Amino acid sequence: MAKRLFIFLTLLAVAAMFFDFASHFRPADKLSPLAEHYVAEGPQELGAANLVTAVVVTYRGLDTLGEVTVLFLSAAGVGLLLAGRRKREDAEPQEDLHPSSELVQTAVQFLLPIAMLFGVYIFVNGHLTPGGGFQGGAVIASGTLLLFLALPNAKLHHGIMGELESFSGFGYVLVGLLGIFLAGGFLDNRFLPLGDFGRLLSAGAMPLIYVLIGLKVGTELSVVLERFKGE
Amino acid sequence: MNWVGLYNYWIVIFLMMTGFYIVVSQGNLVKKLVGLNLFQTSVFIQYISMGKMPGGTAPIESSAPAVYSNPLPHVLILTAIVVGVATTALGLALAVRIKQAYGTVEEDRIREEDRNV
């Protein structure tokens, strides 16, 4: 009882800290100088319509490299933690999981290519429309999840997944380094022509970087999902 | 007072307190992770709401002149979502291992097992 009361009081105290926010918040009527610069100069400087992508991929590209590294480390950690599972359970051979009903299987046959295609669409158009590499990668991974729902015994080809992931990670850093030698600095997108504003092939290396990130995130999350399924 | 117009922030407080309550009161590790994710989501909503300019649209350049919302919260939250996915995956993997080692994911029973050793 005392514990519940304590929890309740703590909740009240934390809520009170945010109360002022919810009762008196005034939205800023002017962008901060940094945001103003990104909004006003970004499209001319980098050629990307989606300003969020311009900031993520180029202005703060190094942070995004760190973000990809965090995701990679977490995928590696999941692999490390769940890798030992198989050996112990090997003593008695696992029974095959029941496949799903025909309804689910047919629906997945129909939806899987669309989900994958939609993921690719999202990361290819990341510099023009809402979306980008991480979002597209997540959609691709959800396609993999659909596959596992319909066919629980399905296996991903580890060789291909590993190669694709390492290739895209390596390519991302390589593109970043090309920015140092051919343009203004690490991950500068302007070593490729900026092209016409708003076209698919524009904004320099930005689509290239987002395609690489999308492939990396998609394969990484798919492998994580497979680990959780238990190979 | 503009309470109704600030309903985003009331949703934020509600979600945040729900998540916080789950984290401190539940003994089940998986439920704790769900609570953490709820808490995270409330922070995402708060940042995105704060970045909105009055009359502003999404920060995607179009031919018609427009007021754009602040793109910086969007960028921060994009990073936060990815890191959130990474930590959730790692936390769930730890929960799987704990379940294998102890046969349960309930905190009090894990402590009991530890005492018996």
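**Two helical chains and the surface they share**

Let's start with chain A, which has nine helices and zero strands. If you follow chain A along its sequence, you read one helix after another, in the pattern α-α-α-α-α-α-α-α-α. The radius of gyration of chain A is 23 Å, well over the 17 Å that the globule rule gives for 231 residues, so chain A is more spread out than a compact globule. To picture its extent, imagine a box of roughly 65 × 55 × 35 Å along the principal axes, filled by the C-alpha atoms of chain A. Keep in mind as you look that this is a predicted model.

Now turn to chain B. Its secondary structure comes to four helices and zero strands, giving the pattern α-α-α-α along the sequence. Chain B has a radius of gyration of 20 Å, whereas a compact globule of 117 residues would have one near 13 Å. Its C-alpha trace spans about 70 × 35 × 15 Å along the principal axes.

How confident is the predictor in chain B? The mean pLDDT of chain B is 86, and 97% of its residues reach 70 or more. Within chain B, confidence is highest in helix H2(B), at 91, and lowest in helix H4 of chain B (residues 107–116), at a mean of 86. As a reading tip, predicted coordinates should not be read in detail where pLDDT is low.

Next, look at where the two chains meet. Here 41 residues of chain B are in contact with 52 residues of chain A. The area buried between chain B and chain A is about 4100 Å², and carbon and sulfur atoms give 77% of this area. Three residues to find on your screen are B:Glu61, B:Leu78 and B:Arg97, which supply 14% of the area that chain B buries against chain A, more than any other three residues.

Which helices of chain B supply at least two residues each of the side that touches chain A? They are helix H1 (7–25), helix H2 (29–51) and helix H3 (71–102) of chain B. The largest share of this side, 18 residues, comes from H3(B). Sorted by class, the side of chain B that touches chain A has 31 nonpolar, seven polar and three charged residues.

Finally, consider the polar side of this meeting. Between chain B and chain A the count of salt bridges is zero. Across the interface of chain B and chain A there are, however, five residue pairs in polar contact, with both residues at pLDDT 80 or more.

Terms used
Residues are numbered from 1 along each chain as its sequence is written. Chains are lettered from A and ligands numbered from 1 in the order in which they are written. This is a predicted model: local features need pLDDT of at least 70, side-chain atom pairs count only at pLDDT 80 or more; totals for chains, interfaces and linings use all residues. Side-chain values use heavy atoms; hydrogens and water are left out. Contact means heavy atoms within 4.5 Å. Buried area is the accessible area (1.4 Å probe) that two parts lose on being put together, summed over both. A salt bridge is a side-chain nitrogen of Lys or Arg within 4 Å of a carboxyl oxygen of Asp or Glu. A polar contact is a pair of N or O atoms within 3.5 Å; within protein, one must be able to donate a hydrogen and the other to accept it, and residues adjacent in sequence count only if both atoms are side-chain atoms. Ala, Val, Leu, Ile, Met, Phe, Trp, Tyr, Cys and Pro count as nonpolar, Asp, Glu, Lys and Arg as charged, and the others, Gly among them, as polar. pLDDT is the predictor's confidence in each residue, from 0 to 100. The radius of gyration is taken over C-alpha atoms; the globule rule is 2.2 Å times the number of residues to the power 0.38.
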